Amino acid sequence: MKFSLGWLKAHLDTDADAGTIAEALTRIGLEVEGVANPADALKPFKIARVLTAERHPQADKLQVLTVDTGDGEPLQVVCGAPNARAGLVGVFGGPGTYVPGSEITLKKATIRGVESNGMMCSSRELELGDDHDGIVELPSEAPVGSSFAEYAGLDDAVFDVAVTPNRQDCMGVRGIARDLAATGLGTLKPLDVPNIEGSFDNPVEIRIEDPDGCPAFHGRTVRGLTNGASPEWMQRRLKAAGQRPISALIDITNYVMFDLGRPSHAYDVKALSGAVVGRRAYDGETVVALNGKQYSLTSEMTVIADDNGVHDIGGIMGGEHSGMSPATTEVLLEVAYFTPERIARTGQKLGLTSDARSRFERGVDPTFLDDGLAVLTGLILDICGGEASRVTRAGEPPVGAKRVAFNPARTLALGGIDVPAAEQTAILERLGFIVDGGEVVAPSWRRDIDGPADLVEEVTRIVGYDAIPSTPLSRANGVAKPTATRSQKVERRIRRAAVARGLDEAVTWSFIGEDEAAHFGGAPHMLANPISEEMKAMRPSMLPGLIAAARRNADRGAITIRLFEVGRRYLAEGERPTVGLLLAGERNPRHWQSGKGQGFSAFDAKAEVLALLDAAGAPIANLQLLMDAGPTWHPGRSAKLGLGAKTILAAFGELHPRIAKALDAPAGTVVAELFLDAIPPARLGARARPAYAPALLQPVARDFAFVVPDTLAADTLVRAIRGVDETAIIAARIFDRYRPDGEALSLAVEVTMQPGEKSFTDAEIGELSAQIVAAAEKLGASLRG
C-alpha cells in the first residue's frame, strides 16, 4: 500500500520526518518496502516566463520563444505547444535535464535551423497528468526562477508498505496513523464525520436476499451533482497511491477506500431499473465489469443487481453498464459489508483481483457503514454539489464485541519483554482496545484478535521487537547430547546418499491440483482457502510435483534429469514421510563407443531405491520383490520392495501410461517412492559393526541354468537357492537371461559357496548342487540340458 507523508499527516499530528516514520513502521510490523519522493525527478525544473513568441521561419506549427528562467540572460526555445504565447508562465527544463514522462535527457539542439536550449513542459512530460495538448500554465504571480517542485508542493515522500493479511485495519492511511500514534510518534487526529440527515426519501429500493454473502447494505442517492474533475489535493494523494485520477465521483470512492480502508461503490441511477438487491448470482449469469471483461457467474457468488441484471460483483468490481460518466447527475451510493470468505472464493474462481477485494476478503470494519457513508456523502456534496437523500439501511452487519482474557504477566512469559501493566493498558487503549479489568474488548476493526497471545503481540510490537533481550538458552555442563531424532538422521543419510549418486534435490509444493491428486487415489485433505485451483489438494504422492519440475527442466533443454525430494504425503490416516525419486532423459549421452543415448529403465530406478534404502538402514538383503505395484503404475514395468506383502518399503518403475500422459511426464520417465515410516528401526545390538574376519579358505562358485515358467520371479528363484543352506551359500545372483525364439525362458544363476574349517569335497559340492536343483524344481524350474 502506498501513501504520501502529507496524506499521513492529515490523520497524524506529528513532526517526524519520513526516515523516522519509515523506521517506526518497520519496527511495529508494517514493513516499508521503499520510500520515494516524486519531487526528486522534478527538482531540475524551474518556473519560467515566456517573453516573446514568434513563428518559426521553417515550420508553421512551431514557435520560437524567448524564455526568462530567472538566471539573467533569456534563452531561446523552440516549442510546438498551441498555447505557447508571450506572458505565459510555465515549467522549463534546460539542457542536461531528464524528462521523466518522455524518458529523454534534454540537450542543446537545432530544430529546423533554429537553436533550442531546452523545453517548456506539459503535464504528461512531468508525469503530473495525461494532458499533452499544451504546456503547463501557472499563475502569472508564480516566482520565476524558483523550483517548480517546491512551488507546486510536490516535495512529499511516498511510502510503500507491505501490509500482512492479518492487518486489515492498516489497509487505510488512518489505520497506519493509529499504529504510529500508539508508538508515541504523534497524536491521532479525530475523524471528521459529517452529520447529513438528507432532504428527501431514497427513491431507490434496497433489499438483501443473500444475508450470508452480504449481511448489510447501506445506501442513499445524491441528485443534482456535477461529475467534473476532483480537486488537486485529492488527485495528488491518489497518484501517490498509484491510482490514476478519472473523475470526481470515481476519485472520491477510491480516496475513501485508501484513506479509511472502506470500499464503496456508486451507481448511475439512470442505468438502474427497479430495486437494487444483494443476492446470489444465477448459474451462467454474466456481467461486463469495469475492466471491460465479461465474467460468467455461479450461484456461489454474491452480486448487486436490479430488474435488468447484475451491476456489481459484490465487494470485488462494479459493472460497466452502471459506471460513472461526465453526464452523471444522480448516483446511488453503496456502503455494504460482504462476508470475507465469500469474497475470497469468488475472486479466486473468477481470477479477478481489485483493491476492494483485497480489503473485503481481509475483513473491513462492520461498524463503519454509517460513518463511511457519511464521509463519502460529505465529500461528494463538497466537490460535486447536489443534495442527498435519507439513508436506507438493509440488513445488519455482524457486529459483536470480542472479549479476550488479559494477563499483563503473559507479555514477559511469551514476548520476553518486561512491560509495566499500566503501560500495557495505555498501549492497548491507544490502539483502540477497551481494557476492562482482566478482559480486553477488541475494536471492531481488529478482526485478527483471537486470544491472549494476540494481546501480547500488540504490546510487544509497539514497544519494539528490538527491545527483546538476547538471552542464551540454558544448557547442561559437558558435551552436548545429540538432539536429532531417528527420522531426522535417516533423512540426512538419504540426502547425502542421493546427492553422492548424482541426484539433485527438489523442493516442490505440498499442494497440487485436485485432478492430479485423483490419479493417486484422491486427496483426503483439501485447502479451504487455496492460492489457486491448481494448489488446492494436499498431495497424496510426491510424484506430481517431481513430474512438473522435470517437465519444466526438459522444456528448458535439460538432457538428463535426476531428481529426488524428501517430504511428506498427506493421507487420511496422517502425514507420511516419503522420498520421491525421478529419472528422465538420457542415462548415458550419445558417444562414439555406445552410439545413441540410452534412456532410463525401471532397473535404474530399482538401483537407486536399493542404494537409498541401504543408506536409510533398511535390511535390503531381506527385501522381497512384489510385482503388483498398484493401479498407479505400469502393469509390466514396475514393482514393490517390501519385507513381506504387508510391509512395503518402496515402489518403483514406470507410471501407468494413462497417468503419465495426463501429467505430461517427459518420455521415458521412471519414478519411485520410498516410504520411510515403514523402515523398521535397527536393533540395539546391531549399532556396532562386527569385526572384519576374512575367510580362511577360498570360496567356490558354480553356475546353474534353469528353464523357468514365465510367471516365476527371478527374486523368488534366488531366495529359494539361498535358503538351501544359509551358512554355506553366501551369495546367489542372476547373471544371464536367455529366451530363444519360441522357446522357454532360461535364467542363469551364479551361486557362491564358502567353506568353513575345511575345503568342500566333491561329494559335498555335489550334494549342495542337488539340493539347489531340487529347490528350483519345487518352483516349477528345471535344469537346462
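# Reading a predicted model by its definitions

Tutor: In this predicted model, Q754 touches A695, L697, Q698, P699, A728, I730 and F760, if residues up to four places away in sequence are not counted. Q754 is found in the loop between β42 (745–753) and α20 (762–778), and the C-alpha atoms of Q754 and A695, which are 59 residues apart along the chain, are separated by 8.0 Å.

Student: Why is Q754 called buried?

Tutor: The relative accessible area of Q754 is 16%, and buried means under 20%, so Q754 is called buried.

Student: What makes R702 partly exposed?

Tutor: R702 has a relative accessibility of 35%, and partly exposed is the class between under 20% and over 50%, so R702 belongs in that class. The residue sits in strand β40 (residues 700–708), and, not counting residues up to four places away in sequence, R702 touches V749, E750, V751, M753 and I765. As for T752, its C-alpha is 6.6 Å from that of R702 in space, although the two residues are 50 apart in sequence.

Student: Why is G184 called exposed?

Tutor: Exposed means over 50%, and G184 has 61% relative accessibility, which is why G184 counts as exposed. G184 is in the loop between α5 (173–182) and β14 (187–188), and its C-alpha lies 9.2 Å from that of I462, a residue 278 places away in sequence.

Student: How do you know that E103 and R112 are exposed?

Tutor: The same cut-off of over 50% serves here: E103 has a relative accessible area of 62% and is therefore exposed, and R112, at 52% relative accessibility, is therefore exposed as well. E103 lies in the loop between β8 (98–99) and β9 (104–105), while R112 is in the loop between β10 (109–111) and β11 (114–116). Each has a positive phi without being a glycine, about 55° for E103 and near 55° for R112.

Student: How do you know that the length of helix α14 agrees with what is expected?

Tutor: Helix α14 (residues 486–500) has 15 residues, and at 1.5 Å a residue these should span 21 Å; the C-alpha atoms at its ends are 21 Å apart, so the two values agree.

Student: What puts the buried residues of α14 on the same side of the helix?

Tutor: The buried residues of α14 are V490, E491, I494, A497 and A498. They cover an arc of only 130° around the axis, and therefore they lie on the same side of α14. These buried residues pack against β33 (560–571), β34 (574–588) and α17 (602–616), whereas on the other side of α14 R496 and A500 are exposed. Just after the helix, G502 takes a positive phi of about 90°.

Student: Which elements do the buried residues of α16 pack against?

Tutor: The buried residues of helix α16 (residues 543–555) are L543, P544, G545, L546, I547, A548, A549 and A550, and they pack against β31 (511–512), β33, β34, β37 (633–642), β38 (648–655) and β39 (670–675). With 13 residues, α16 reaches 18 Å from its first C-alpha to its last, close to the 18 Å expected at 1.5 Å a residue. Just after α16, G557 has a positive phi of about 95°.

Student: What makes α7 a mostly covered helix?

Tutor: Twelve of the 13 residues of α7 are buried, and buried means under 20% relative accessible area, so α7 is described as mostly covered. Among the buried residues are D251, N254, M257, F258 and D259. The residue that follows α7 is G261, whose phi is positive, near 70°.

Student: How is the crossing of α7 and α10 described?

Tutor: Two packed helices are described by the angle between their axes and the distance between the axes. The axes of helix α7 (residues 248–260) and helix α10 (residues 369–384) come within 10 Å and cross at roughly 145°, and this crossing is right-handed. On the α7 side the contact is made by A248, L249, I252, T253, Y255, V256 and L260, and on the α10 side by V375, L376, L379, I380, I383 and C384. The residues of this contact divide into twelve nonpolar, one polar and no charged.

Note on methods
Residues numbered from 1 in each chain as written. Predicted model: local features only at pLDDT ≥ 70, side-chain atom pairs only at ≥ 80, totals over all residues. Heavy atoms only, no water. Axes fitted to C-alpha atoms, helices over the stretch in contact; angles between N-to-C directions. Helix = DSSP H or I, 4+ residues; strand = E, 2+ residues; numbered from the N terminus. Left-handed = near helix turned anticlockwise from the far one by under 90°. Contact = heavy atoms within 4.5 Å. Nonpolar A, V, L, I, M, F, W, Y, C, P; charged D, E, K, R; others polar. Expected span 1.5 Å × (residues − 1). Buried < 20%, exposed > 50% of the residue type's maximum accessible area, 1.4 Å probe, protein only. Arc of directions from axis to C-beta.
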